[in-house]
Amino acid sequence: MRVVIIRAGKVAIRARLLETPTAERIWAALPIHAEARMWGREIYFNSPVSSDREPEAREVVNAGEIAFWPDGEAIAIGFGPTPVSRRGEIRMASPCNIWAMALDDVSSLRTVYAGEGISVEDASASVGER
C-alpha cells in the first residue's frame, strides 16, 4: 500500500493512493511543494503533474477523497461546501480525478490559511524507508 503525507500549516494527513493513472503521475512527481489556496471549504494547490480527465472524474466528492483538478493542474481536497456546492455536498469547480483516500480526518484542514506552505511526500520517506 502506497501512502503519502500531506502537510499544510500544523496539519498532517495521511492518504492511501488508489490505482489510477493520476495517482501514478503524482507518485512519480513526489515530493510536491506548493502554496495552499482556499476556495470555500476546499484547499487546493499547484502540482507539477498534468493528467487528462479520467472516465470516473466527477464534480461532487466525499470528504476524504483526494482529487486532482485537470483544468487547473492542481491537487484539491474538499472538506466542506465550496462556493458552487448545493446543500450537503462538496462540489469542485469542474470534474476531478480521485487519486487517493485520506486515512485521517480532512476537516482539520479548516485551520490552514491561503499562502501557507503545503507538501505531499511519500510517507515512508518521512521515516527513512524510501
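Leaving aside its neighbours within four places in sequence, which residues is Asn97 in contact with? Let's work through that and a few more exercises together.

Before starting, note that this is a predicted model, in which local features need pLDDT of at least 70, side-chain atom pairs count only at pLDDT 80 or more, and totals for chains, interfaces and linings use all residues. Residues are numbered from 1 along each chain as its sequence is written, and side-chain values use heavy atoms, with hydrogens and water left out.

**Exercise 1. Describe the surroundings of Asn97.**

Step 1: Find the residue. Asn97 sits in strand β9; strands (E, at least two residues) and helices (H or I, at least four) are DSSP runs, numbered from the N terminus.

Step 2: Look at its exposure. Asn97 has a relative accessible area of 1%, so it is buried. Buried means under 20% relative accessible area, exposed means over 50%, and partly exposed lies in between, using a 1.4 Å probe and protein chains only.

Step 3: List the contacts, meaning heavy atoms within 4.5 Å. Leaving aside neighbours within four places in sequence, Asn97 is in contact with Thr22, Ser51, Asp52, Arg53, Glu54, Ala57, Ile66, Ala67, Phe68 and Pro70.

Step 4: Pick out a polar atom. A polar atom of the Asn97 side chain lies 2.8 Å from the backbone nitrogen of Glu54.

**Exercise 2. Explore the largest nonpolar core.**

Step 1: Know the term. A nonpolar core is a set of buried Ala, Val, Leu, Ile, Met, Phe, Trp, Tyr and Cys residues joined through side-chain atoms within 4.5 Å. In soluble globular proteins, nonpolar side chains tend to be buried together.

Step 2: Find the best-connected members. The largest nonpolar core has 29 residues, and those that touch the most other members are Val4, Ile43, Ile66, Ile75, Trp99, Leu109 and Val120.

Step 3: See which elements take part. Two or more residues each come from β1 (3-8), β2 (11-17), α1 (21-29), β5, β7 (65-69), β8 (74-78), β9 (90-102) and β10 (117-122). With 4 residues, β2 gives the most to this core.

Step 4: Zoom in on one member. Not counting residues up to four places away in sequence, Ile75 touches Ile26, Ile32, Ile43, Tyr44, Phe45, Ser47, Ile66, Ala67, Phe68, Trp99 and Val120.

Step 5: Check for another core. A second, separate core of 10 residues includes Leu18, Ala67, Ala74 and Ile90.

**Exercise 3. Decide how the buried residues of α1 are arranged.**

Step 1: List them. In α1, the buried residues are Thr22, Ala23, Ile26 and Trp27.

Step 2: View them down the helix axis. These buried residues fall within an arc of 135°, so they line one face of α1. The arc is that of the directions from the helix axis to the C-beta atoms.

Step 3: Recall the helix rule. An α-helix has 3.6 residues a turn, so residues three or four places apart point the same way.

Step 4: Compare with Ala28, which also lies in helix α1. Ala28 is exposed, with a relative accessible area of 66%.

**Exercise 4. Examine some salt bridges.**

Step 1: Know the term. A salt bridge is a side-chain nitrogen of Lys or Arg within 4 Å of a carboxyl oxygen of Asp or Glu. The structure holds 7 salt bridges.

Step 2: Take Glu24 and Arg2. Their closest N and O atoms are 2.6 Å apart. This pair links distant parts of the chain, with Glu24 in helix α1 and Arg2 in the segment before β1, 22 residues apart.

Step 3: Take Arg7 and Glu121. The closest N and O atoms of this salt bridge are 3.3 Å apart. Arg7 in strand β1 and Glu121 in strand β10 are 114 residues apart, so the pair links distant parts of the chain.Step 4: Take Arg58 and Glu65. Their salt bridge has its closest N and O atoms 2.7 Å apart. Arg58 is partly exposed at 29% relative accessibility, whereas Glu65 is buried at 8%.

Step 5: Look for a network. Glu59, Glu89 and Arg91 are linked in a network of salt bridges.

**Exercise 5. Find the nearest opposite charge to Glu42.**

Step 1: Place the residue. Glu42 is found in strand β5 (residues 42-46).

Step 2: Sort the charges. Lys and Arg count as positive and Asp and Glu as negative, while His and the chain ends are not counted.

Step 3: Give the result. Glu42 is buried yet has no salt bridge, and the nearest side chain of opposite charge, Arg37, is 9.3 Å away.

Notes: A polar contact is a pair of N or O atoms within 3.5 Å; within protein, one must be able to donate a hydrogen and the other to accept it, and residues adjacent in sequence count only if both atoms are side-chain atoms.
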